[in-house]
Amino acid sequence: MKIGVLSLQGAFAEHRKMLSMLNVESFEIRQKKDLDTDFDGLIIPGGESTVQGKLLVELDLFEALQKKILEGLPVFGTCAGLLLLSKKIENDDRRHLATMDIKAVRNAYGRQLGSFHTQGYFDGIGEIPMTFIRAPYIAEVYDKTRVLATVDGKIVAAQEGNQLAVAFHPELTDDLSVHQYFVDMVRRRIA
């Protein structure tokens, strides 16, 4: 199994560290030729969704990645990655990959000072630590999208088929369970 980590901006190194701790091989996706590598899953890290979205287009990665996701490539988006996957963003006219049937709210918890850490229940895992940094949340889920976690009545994790999106940063804790959840998704697809 090999996981590609979009490494244009944001916390990509931290995701690679988590995968390494799970003994899963990973590599960085920085340019179009990196997509020639055979890989089984994709992580889109937190960071700045506007910058990442712009770079996806400028580096000619956008269409190829969108096509792979729509064809079933397992993808895991955290924070900004959630926004890149969202078909709708309530307080932003921009759309990026728009592959996941959710409506998100950008910077829903306010600015950097609105960042916080909590414990929350994640369906299929149990209680886990959750770190929110200028985080979005999911305002609505549609069709076959399943809610996996809520905090204070707001949806902070969801799955739709091959797509997993979380509003928090599991890569910034010592807890490997959300990454393991994604690795298990990938494993089921390639089995």
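**Entry 1: strand 4**

I began with strand 4, residues 75-78, in this predicted model, and found both of its faces covered, with Val75 and Gly77 buried on one side and Phe76 and Thr78 buried on the other. I kept in mind that side chains in a regular strand alternate between the two faces of the sheet.

I then looked up what lies beside strand 4. Strand 3, residues 41-44, runs parallel to strand 4 and is joined to it by three bridges, and strand 12, residues 163-166, also runs parallel to strand 4, joined to it by four bridges. Phe76 served me as a reference point for both pairings, as it stands opposite Ile43 and has Leu164 as its bridge partner in strand 12.

**Entry 2: strand 3**

Moving to strand 3, I asked which of its residues are buried on each side. Gly41 and Ile43 are buried on one side and Leu42 and Ile44 on the other, which leaves both faces of strand 3 covered. For the pairing with strand 4 I noted a further residue pair, Leu42 opposite Val75; both residues had already come up in my notes on burial, Leu42 in strand 3 and Val75 in strand 4.

Strand 3 also pairs with strand 1, residues 2-6, in the parallel sense and over three bridges, and there I found Ile3 standing opposite Gly41.

**Entry 3: the chain as a whole**

I next stepped back to the overall make-up, and counted five helices and 12 strands in the secondary structure of the chain. The radius of gyration is 15 Å, close to the 16 Å that the globule rule gives for 191 residues, so I recorded the chain as being as compact as a globular protein of that length. Along the principal axes, the C-alpha atoms fill a box of roughly 40 × 35 × 30 Å.

Of the 191 residues, 54% count as buried. Among contacts with a separation of 6 or more, I noted that 63% come from residues 24 or more positions apart.

For the surface I wrote down about 8,600 Å² of exposed area, of which carbon and sulfur atoms supply 46%. The charged side chains come to 23 positive and 26 negative, and the centres of these two sets lie 3 Å apart.

**Entry 4: two positive phi angles**

I then turned to residues that have a positive phi without being glycine, and made notes on Asp60 and Ala98. Asp60, with a phi of about 60°, lies in the loop between helix 2 (49-58) and helix 3 (62-70), and its relative accessible area of 43% makes it partly exposed. Ala98, with a phi of about 50°, lies in the loop between strand 5 (86-89) and strand 6 (100-105); this residue too is partly exposed, with a relative accessible area of 25%.

**Entry 5: Leu22**

Last, I asked whether Leu22, in the loop between helix 1 (12-21) and strand 2 (25-29), is buried or exposed. Leu22 has a relative accessible area of 18%, and buried means under 20%, so I entered it as buried.

Which residues does Leu22 touch, once those up to four places away in sequence are set aside? I listed Leu176, His179, Gln180 and Val183. I also looked up the distance from Leu22 to Lys88, which lies 66 residues from it along the chain, and found their C-alpha atoms separated by 33 Å.

Notes: Residues numbered from 1 in each chain as written. Predicted model: local features only at pLDDT ≥ 70, side-chain atom pairs only at ≥ 80, totals over all residues. Heavy atoms only, no water. Buried < 20%, exposed > 50% of the residue type's maximum accessible area, 1.4 Å probe, protein only. Helix = DSSP H or I, 4+ residues; strand = E, 2+ residues; numbered from the N terminus. Pairing = 2+ DSSP bridges. Rg over C-alpha atoms; globule rule 2.2 N^0.38 Å. Contact = heavy atoms within 4.5 Å. Areas by Shrake-Rupley, 256 points an atom, 1.4 Å probe, with all protein chains shown as cover. Lys, Arg positive; Asp, Glu negative; His and termini not counted. Charge placed at Lys NZ, Arg CZ, Asp CG, Glu CD.
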